[in-house]
Amino acid sequence: MSPLRSLAGVTAIGAIALIAASCEANRQALAPTMGAPRFHFFEFQCQPLKMTGGGRIDYPPGTADKNPPASHEYETFGAHVMASGQFDQNGVCVADKGALEWVDHRPEMRVNGSPLNLHATSVTFAELAVDAPHCTDGAVHWGGTLRVQNTGQENLHFEVFDCDAGEPGVGQDGFAIRVIEPIDGIGHYEVTCEPDVSPAEPTCTLTGGNRQFHPTH
Amino acid sequence: MKNESIRAAIRFAGLVLPLTWTSGSLAAQMRATPQASAYGVSVSTATVNQTSPAAVLPAGEMMATDQANDVTVADLVTAQNAFAIVNGDLSDGSGAVSTATLGAVNILNGLITADGVVAMASSTVENANAEGSSLASLVVNGVALDDPAPNTRVDLPGTGYVVLNEQIPTSGGITVNMIHVVLQQPVLDLLGGVIGYQTIGNIIVGSATSSVY
């Protein structure tokens with residue numbers, strides 16, 4: 001065998017090994033423990049990713065059908081997250097940047113006369129969910145801290161379950177949010193759905209908008 | 001042997017380099033520019049020119065928001081709890097989503113009222129739609145209208161007309177105006193007869209635009 005062939009062979013083997021290593025599931029890639037089950041989102045990998053977009057959910061029930069508009073039973077949001085696939089010293093798969101603006105229009109969620117408005121003040125972790133096959137383009141579990149704009153209540157931890165199940169996003173993609181600490185005037189807050197109404201539990205199906213997953217950035 | 005090595009190198013390059021070129025050129029071809037903007041209320045007349053709240057996707061960012069608890073534009077429009085949220089990704093242009101939502105809305109002293117407006121425009125390279133848009137408890141000139149179809153026009157005698165759930169295809173996207181009032185005044189002939197109408201202003205409540213091209 002010529003030296004060049006040998007070199008090409010070694011290079012190819014090395015490349016395959018590198019790819020295999022980068023794809024191996026990392027069982028340490030866990031977000032900060034937040035005390036709640038992750039339902040369908042159980043297994044994660046820490047790798048470069050990006051999820052962008054916005055949308056609408058009609059929760060409850062969170063199906064692909066809109067509620068009657070006069071019920072005001074819907075939520076609208078914009079959100080994105082980026083991560084490089086790096087762990088911090090605590091083993092957290094850190095996010096590089098992100099944002100969340102969430103508005104819950106339900107009458108029972110009004111605070112100080114306005115729809116509940118949650119605004120992320122930091123996005124700290126983001127990890128790829130590898131056990132949500134219905135999210136055909138990608139699924140991400142991410143979160144950080146937020147502020148309740150209605151009251152100024154700060155430093156509440158939140159987590160998001162984010163699912164891109166193809167195009168268009170309406171009727172296919174999913175989104176869910178859980179705030180860990182109680183919200184003043186509301187208490188425990190989460191918008192999560194059962195598996196029969198969404199592409200991947202606990203996400204709720206979008207009735208408008210789109211989630212766009214990018215494997216790298 | 002030397003010739004064989006050269007041939008092997010050429011074969012190797014011939015196999016590998018085209019793969020590199022293909023992925024790069026495909027990425028370049030697929031890269032597009034998304035645009036996203038949204039606003040709650042916009043009034044444009046000879047004496048009033050006001051838009052609030054408004055969000056436009058800025059270069060280098062993936063989201064922009066604006067919000068106003070109360071919007072009052074002269075004696076033309078009042079609105080509560082207005083939000084404008086826009087999203088997109090300028091780095092790879094894969095998609096854009098814009099949303100404008102409002103609570104109670106009163107246009108032209110009760111001529112048009114609603115208590116929940118959602119304008120939503122979503123665009124990808126393959127698709128643009130206004131899914132998610134809605135009007136709640138809409139009353140136009142005393143008549144309740146449930147969930148008007150896209151581009152529903154209702155005349156407003158003495159004022160002009162309104163287009164409800166206005167959906168305008170654009171290059172690579174869509175603009176959605178949930179309530180678009182066109183203010184008109186009659187054009188008279190020398191004898192005072194009406195020979196037509198001219199537009200003297202526009203009132204738009206709940207607007208979302210997104211595109212990818």
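Let me start in the middle of the sheet, where strands β3(A) and β6(A) run antiparallel to one another and are paired through eight bridges. Within that pairing, A:E75 sits opposite A:D104, the latter belonging to β6(A). I should say at once that what we are looking at is a predicted model, and I would ask you to hear everything that follows with that in mind.

On another side of the pairing scheme, β3(A) also pairs with β2(A), again in the antiparallel sense and again over eight bridges. Here the residue I would point to is A:R56, whose bridge partner in β3(A) is A:T76. As for burial, β3(A) is mostly covered, with nine of its 10 residues counted as buried. As a general remark for anyone following the side chains on screen, in a regular strand they alternate between the two faces of the sheet.

Stepping back to the chain as a whole, chain A is made of one helix and 12 strands, and if you read along the sequence the helix comes before the strands, in the pattern α-β-β-β-β-β-β-β-β-β-β-β-β. Chain A has 217 residues, of which 49% count as buried. If we take the contacts in chain A between residues at least 6 apart in sequence, 65% of them join residues that are at least 24 apart.

Now to the contact between the two chains, to which chain A gives 32 residues and chain B gives 38. On the side of chain A that touches chain B, the elements contributing two or more residues are α1 (3-23), β2 (48-57), β3 (75-84), β6 (97-104) and β12 (204-214), so the three paired strands I began with, β2, β3 and β6, are listed there. The largest share, six residues, is supplied by β12(A). Sorted by class, this side of chain A holds 18 polar, nine nonpolar and five charged residues.Finally, the interior. In soluble globular proteins, nonpolar side chains tend to be buried together. In this model the largest nonpolar core has 103 residues, and the members that touch the most others are B:V117, B:I179 and B:V205. The largest share of this core, eight residues, nevertheless comes from strand β7 (residues 116-129) of chain A. To take one of those well-connected members, B:I179 touches B:I107, B:I112, B:V117, B:V162, B:L164, B:I204, B:V205 and B:G206, leaving aside residues up to four places away in sequence.

Key. Residues are numbered from 1 along each chain as its sequence is written. Chains are lettered from A and ligands numbered from 1 in the order in which they are written. This is a predicted model: local features need pLDDT of at least 70, side-chain atom pairs count only at pLDDT 80 or more; totals for chains, interfaces and linings use all residues. Helices (H or I, at least four residues) and strands (E, at least two) are DSSP runs, numbered from the N terminus. A residue is buried if 20 or more other C-beta atoms lie within 10 Å of its own, exposed if 12 or fewer, and partly exposed in between; C-beta atoms are placed from the backbone. Two residues are in contact if their C-beta atoms, placed from the backbone, lie within 7 Å. Ala, Val, Leu, Ile, Met, Phe, Trp, Tyr, Cys and Pro count as nonpolar, Asp, Glu, Lys and Arg as charged, and the others, Gly among them, as polar. Two strands pair if DSSP finds at least two bridges between them. A nonpolar core is a set of buried Ala, Val, Leu, Ile, Met, Phe, Trp, Tyr and Cys residues joined through C-beta atoms within 7 Å.
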